[in-house]
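Open the model in your viewer and keep the selection panel handy. We will go stop by stop, with something to select at each one.

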Amino acid sequence: MDQISDIDSQIIRFYRVTKHFGETCALQDLSFNVRKNEFLFITGPSGAGKSTLIKLLYMGERMTGGYAIVDGMNLARMGRRQIPELRRRIGVIFQDFKLIDSRTVFQNVALVMEAAGFKSRSLIRERVEDLLELVGLAHHAEAYPPTLSGGEKQRAAVARAMVGKPKIILADEPTASLDPDASERVLRLLRAAHARGATVVITTHDRDLISRFDARVVYLESGRRVDSPGREETG
Amino acid sequence: MIDVFRRSLSDFLRHRFLHGVCLFTIALSVFIVSAFGLFFINAGSLMEAWQKGVRITAYLKPDVTRQQAVELSKSVKEYDGVDEVSYIPKKEGFAWLKKQLGPQSSLLSDLEGNPLPDALEIGPEENIKTADAVDRLAAKIGRQAEVADVEYAQEWLHRFRGIYNLFRVTAAVMAGLVFVAIMFIVANTIRLILYSRQEEIEITRIIGADEAFIKYPLYLEGVMLGLSGGLAGLALLYVVFSATVPKLSPGGLLPYFQITFLGPEIMLLILISSMLVGWLGCYISIRRFLRV
């Protein structure tokens, strides 16, 4: 179990979290903390529970047991009406991008701000254009996702995750379906988000990717936290 | 609100095909129901027009003198609901009958004498609109000692009214059933729209949208579908009406009556109903769909 030295500095706190899907146990007694503005990898083989963990963090799934706090919000006792508020504090990036095909890149990114209740069209336009500039998609603002390459789609997804200025960015296998150049570009953007103050949690099974960062790693196997070979857990 | 409307319109245009199917369904349903409405409203007006033209004929007993007949016509004229009374001596009545028969009037030449009695022809006031009021007036005239029999289009009017009332009840039940059927058709079509947008809705939720942000534009889309379907249905009915009714109009046969299109109040009611159907259909689908 992680040592809880300074609760205020921790933005994510998991204590003995369990998730069952019927008879199947996806996560078992998982405990770990994430500090504010930390860059953290969660790794493990397929079926280890990485994606389930990400889903629990943004309340895509409810935990079956245990106790979890994300940015001061208690996930175990969270009502349906509170979920949008939690999700506005989190930007999520998926392996399959999850962009809305019938909306342009600009509209996909702007939707986050509209959903968060921003009314000023000029503010939305300004911020979305800045983000698209940052991710190198300004020239594709009016393009529809099906016309983009995988790397471009993922950069659009990163822009969408960052536009609401979330405290936490969760990336579930963000580079799994990308070529090395596109992966590198996406990771640079995640670094940029981290540099802007966001806490970044990335799940990946790519050891090479992890080795390129000086970041803490949480290793999962069959739904349990285990010590990663070659790395020491500091909690 | 403007933002919700903008998003609804944008979604409406983005999913043109399914919205088009739904709009067509509503338009067709509105067309059918409105056509029924148009028929019944005009049938009602037609009956009213006929009733206005109803005249009561009181046949007098053979022993009634001309003087008594004139006295009776004066007293009947004073009855409530009587507009005019004409005394028709049997000679005049026979001449009128001959004229009406035209070429067939030779049939009357075989008769021995004039079989017609003297009569009073009574025209009820225009405000006597119900069949019951005409019945009461005719019964009162029939009770006079000088009157042998009273005749008016009583049975015919009653039968027509009976059929009309039966149709009206049937139509009301059918309209109710059609309303429910349309609502479920719309609900299912909207559910198809929702299924086609399931991923989009899920993504919108993940990025932090609350239920209101997702639902309100969908409700508004339902209302817009209802309104546009209603307008299209009425427009279609008007086109069909304009193309066919001038050829069907009874015109000279019934000078009191002219087939008319639905009035503005009825059209407004139809549009409000179709918007309600759109909204309810949406409400049912969303409740089932977003519960998951």
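Start by selecting V70(A) and M73(A): M73(A), in β5(A), is the bridge partner of V70(A). This is a predicted model, in which local features need pLDDT of at least 70 and side-chain atom pairs count only at pLDDT 80 or more, while totals for chains, interfaces and linings use all residues. Residues are numbered from 1 along each chain as its sequence is written, and chains are lettered from A and ligands numbered from 1 in the order in which they are written. Strands here are DSSP runs of E with at least two residues, helices are runs of H or I with at least four, and both are numbered from the N terminus.

**The hairpin and its sheet**

Widen the selection to β4(A) and β5(A), residues 73-74, which pair in the antiparallel sense over two bridges. Two strands count as paired if DSSP finds at least two bridges between them. Between these strands the hairpin has two residues, and D71(A) takes a positive phi near 50 degrees.

Now add β1(A), residues 10-21, which pairs with β4(A), residues 65-70, in the antiparallel sense over five bridges. Which residue stands opposite R13(A) in β4(A)? Click on I69(A) to see that partner. In β2(A), the bridge partner of R13(A) is N33(A). The pairing of β1(A) with β2(A) is antiparallel too, over eight bridges.

With these selected you have an open sheet of four strands in chain A, in the order β2-β1-β4-β5, with antiparallel pairing. At its edges stand β2 (24-35) and β5 of chain A; each has a single partner strand, so one side of each is left without a neighbour in the sheet.

**The six-stranded sheet**

Next, colour the other stop in chain A: an open sheet of six strands in the order β6-β7-β8-β3-β9-β10, with mixed pairing. Here β6 (90-93) and β10 (224-226) of chain A are the edge strands, each with a single partner strand, so one side of each is left without a neighbour in the sheet. Neighbouring strands of this sheet are turned by 25 degrees against each other on average, direction ignored. Axes are lines fitted to C-alpha atoms, for helices over the stretch in contact, and angles run from 0 to 180 degrees between N-to-C directions.

Zoom in on β3(A), residues 39-43, and β8(A), residues 199-204: these strands run parallel and are joined by five bridges. Select I42(A), and its bridge partner in β8(A) is T203(A).

**Helices on the sheets**

Show α5(A), residues 150-163, which packs on the sheet and touches β6 and β7 of chain A. The direction of α5(A) makes about 170 degrees with that of β6(A). Contact means that the C-beta atoms of two residues, placed from the backbone, lie within 7 Å.

Then select α1(A), residues 50-57. This helix lies across β3, β6, β7 (168-172), β8 and β9 (216-221) of chain A, at about 150 degrees to β7(A). α1(A) also lies across β1, β2 and β4 of chain A, running at about 120 degrees to β1(A).

**Where the chains meet**

Bring chain B into view. At the interface, 16 residues of chain A are in contact with eleven residues of chain B. On the chain A side, α2 (83-88) and α3 (105-115) are the elements that give two or more residues. That side divides into eight nonpolar, three polar and five charged residues. Ala, Val, Leu, Ile, Met, Phe, Trp, Tyr, Cys and Pro count as nonpolar, Asp, Glu, Lys and Arg as charged, and the others, Gly among them, as polar.

**Across chain B**

Hide chain A. Chain B has nine helices and four strands, in the pattern α-α-β-α-β-α-β-α-β-α-α-α-α along the sequence. Colour domain 1 (2-50 + 158-291) and domain 2 (55-152) of chain B separately; the bounds come from an automatic or database domain assignment. The C-alpha centres of these domains of chain B lie 51 Å apart. Along its principal axes the C-alpha trace of chain B spans about 100 × 40 × 30 Å.

For the last stop, pick F40(B), in helix α2 (residues 16-52) of chain B. Is F40(B) buried or partly exposed? F40(B) has 16 C-beta neighbours inside 10 Å, so F40(B) counts as partly exposed; the cut-offs are 20 or more other C-beta atoms within 10 Å for buried, 12 or fewer for exposed, and partly exposed in between, with C-beta atoms placed from the backbone. Leaving aside neighbours within four places in sequence, F40(B) is in contact with R168(B) and A171(B). Finally, draw a distance from F40(B) to P103(B): their C-alpha atoms are separated by 38 Å, and the two residues are 63 residues apart along the chain.
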